[in-house]
Amino acid sequence: MCGIVGAVAQRNIVPVLIEGLRRLEYRGYDSCGVAVVTSEGPARVRSVSRVAELDEQARESHFEGVTGIAHTRWATHGAPTVNNAHPIFSRNALAIVHNGIIENYEALREALRAKGYEFVSQTDTEVIAHLIHSLYKGDLFSAVREAVQQLAGAYAIGVVHKDQPHTVVGARAGSPLVVGLGSGENFLASDALAIAGSASHVVYLEEGDVCELTLEGVRIAERGGSEVQREAREVLAYGGTVELGPYRHYMQKEIFEQPGAIGNTIPATDTFEPELFGANAREVFKGIDSILILACGTSYYAGVTAKYWLESVAKIRTEVEIASEYRYRESVPNPRALVVTISQSGETADTLAALKHAQSLGMEHTLAVCNVATSHMVRLTELNFLTHAGREIGVASTKAFTTQLVGLFILAVTLGKLRGHVSAEQEAQYLKLLRHLPAALNGVLALEPQIIAWADEFARKENALFLGRGLHYPIALEGALKLKEISYIHAEAYPAGELKHGPLALVTEAMPVVTVAPNDALLEKLKSNMQEVRARGGELYVFADADTHITSEDGIHVIRMPEHYGLLSPILHVVPLQLLAYHTACARGTDVDKPRNLAKSVTVE
Ligand code: G6P
């Protein structure tokens with residue numbers, strides 16, 4: 001989603017700004033641009049194509065400058081056109097890049113129109129540009145500090161003004177922004193990744209902070225207006241681009257990385273101790289009486305799966321909520337609940353807002369299951385469990401999901417043990433199951449050729465139903481989401497028992513019905529649901545555990561999974577669904593790693 005990079009330096013900074021955009025590219029965007037300060041005003045190049053095209057334009061036109069700001073935009077207000085691409089100007093004096101959404105932009109626009117400002121884009125960003133311009137009296141830092149007081153909504157901004165050719169001002173509330181410290185040059189970015197290498201240290205701005213970057217240094221003012229010092233942390237050198245190796249897409253690579261990612265995520269301990277979640281976790285865990293999980297997208301489905309584990313293994317009442325719903329719902333807060341947020345990026349705006357909402361309601365015990373150690377989410381929560389999935393580039397989440405599941409299962413067993421529901425023998429069994437998981441996953445990945453054959457048939461369909469029961473219902477949901485996201489086939493998932501309450505009406509020979517069929521306590525029930533589909537002519541595509549003895553017959557296609565994998569079975573069963581979505585998308589020729597309209601990290605509401 002939207003990305004910001006900015007810099008003041010004594011060298012041509014355009015290549016650094018564009019390289020920063022390139023590193024943020026994987027998050028998804030639909031236009032991009034870069035502006036530098038010149039004595040006649042800001043100058044810019046913009047593109048509705050890729051960052052590579054922006055780079056070409058900049059090189060061809062010898063576009064250079066020592067102070068600049070750059071942006072990748074994911075359209076919210078106004079279509080993804082060149083005219084709406086950032087940087088946005090005000091009266092040829094000021095340029096701005098903006099992530100987030102300004103909620104009171106209509107009122108501000110009217111007030112600024114009344115002052116004679118003309119609006120040439122459909123963006124909400126243009127109101128910030130004119131607002132700062134209207135308040136500018138020779139000091140950009142002051143003008144921005146004054147302007148942000150009038151903004152409602154979420155923003156991270158970078159601003160330059162022609163009269164201050166060696167200054168970049170930034171501000172944030174609701175959207176992330178970091179300051180990067182280099183030698184004799186300073187940077188601004190929505191993610192440290194964009195400036196790592198050029199900057200040796202980063203400062204994470206706090207809510208409401210406004211910063212001023214010059215060649216000499218950085219000043220930060222907090223929301224109240226007074227200047228503050230914020231801790232600078234060392235930033236690790238950029239790891240370079242992630243090579244695709246033998247894979248066609250990052251998504252395929254990431255699916256195949258799951259055994260390794262899971263191996264890295266399982267701690268090297270022999271017992272499940274609360275300290276895996278933070279130094280004071282034991283005390284926190286002893287005081288809680290329930291769990292509230294908050295997340296979005298695929299991470300939400302990890303949460304739904306975890307509910308089954310937490311209630312069955314740890315016997316602790318668990319609620320799972322979609323973060324964007326929870327944050328606006330009148331709920332009954334329970335100060336004894338542990339709030340668990342799940343996120344690959346740790347920057348998802350709705351999940352962060354839901355977390356803060358829970359905290360504001362007095363729920364102080366919080367735990368993040370997250371893949372990015374330096375993310376906002378990890379910094380905002382009391383406890384955390386870091387998944388070690390490595391960088392996930394494909395917009396559709398795969399290895400982040402399975403490693404989240406591993407973290408959540410460890411949480412369930414740890415709580416179960418602490419609460420006296422997991423014996424030493426069971427603990428050893430769970431650990432054995434976890435340790436063997438990478439090898440079991442390799443067995444599932446070997447099914448790829450059979451799945452490719454199914455994908456060729458799915459590629460010709462426009463709808464699909466996914467069925468699962470119990471612990472595997474969320475896996476069916478995730479399978480349907482994967483298919484929708486990257487192949488654009490309409491897919492829905494149902495708990496198989498619900499079939500006859502509606503979706504059965506959709507079943508004809510044109511409707512493929514994917515069934516997740518583990519050999520668990522619900523198998524016989526599931527088999528009856530499959531018969532309901534067959535009786536209506538529906539074609540079943542079944543991922544069946546080897547010990548279910550479900551075999552292929554007319555209208556029932558079966559891919560045999562390994563033998564049932566107990567409580568960790570969902571982690572095995574999601575993998576063929578990821579592969580099915582992936583190969584179906586390949587057969588349809590979609591942009592697998594960057595599906596239309598979607599972003600990797602959704603930093604706006
Ligand atoms: C976006 C991504 C999804 C992801 C969701 C939540 O929609 O495309 O793949 O599941 O955000 O992201 P998070 O980083 O919080 O897990």
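**The ligand and its surroundings**

Tutor: Ser299, Ser343, Gln344, Ser345 and Thr348 come nearest of the 13 residues around the ligand. This is a predicted model, where local features need pLDDT of at least 70, side-chain atom pairs count only at pLDDT 80 or more, and totals for chains, interfaces and linings use all residues. Residues are numbered from 1 along each chain as its sequence is written, and side-chain values use heavy atoms, with hydrogens and water left out.

Student: What makes a residue count as near a molecule?

Tutor: One of its heavy atoms must lie within 4 Å of the molecule.

Student: Why is the pair between Ser345 and the ligand called a polar contact?

Tutor: A polar contact is a pair of N or O atoms within 3.5 Å. A polar side-chain atom of Ser345 lies 2.7 Å from an oxygen atom of the ligand, so the pair is inside that limit. Backbone N or O atoms also take part: the one of Val395 lies 3.1 Å from a ligand oxygen, and the one of Ala599 lies 2.9 Å from a ligand oxygen.

Student: How many residues of each class are in the shell around the ligand?

Tutor: The shell has four nonpolar, eight polar and one charged residues. Asp, Glu, Lys and Arg count as charged; Ala, Val, Leu, Ile, Met, Phe, Trp, Tyr, Cys and Pro as nonpolar; the others, Gly among them, as polar.

Student: Which helix gives the most to that shell?

Tutor: Helix H9, residues 297-313, with three residues. A helix here is a DSSP run (H or I, at least four residues), numbered from the N terminus.

Technical notes:
Polar contact = N/O pair within 3.5 Å; in protein donor to acceptor, adjacent residues only side chain to side chain. Helix = DSSP H or I, 4+ residues; strand = E, 2+ residues; numbered from the N terminus.
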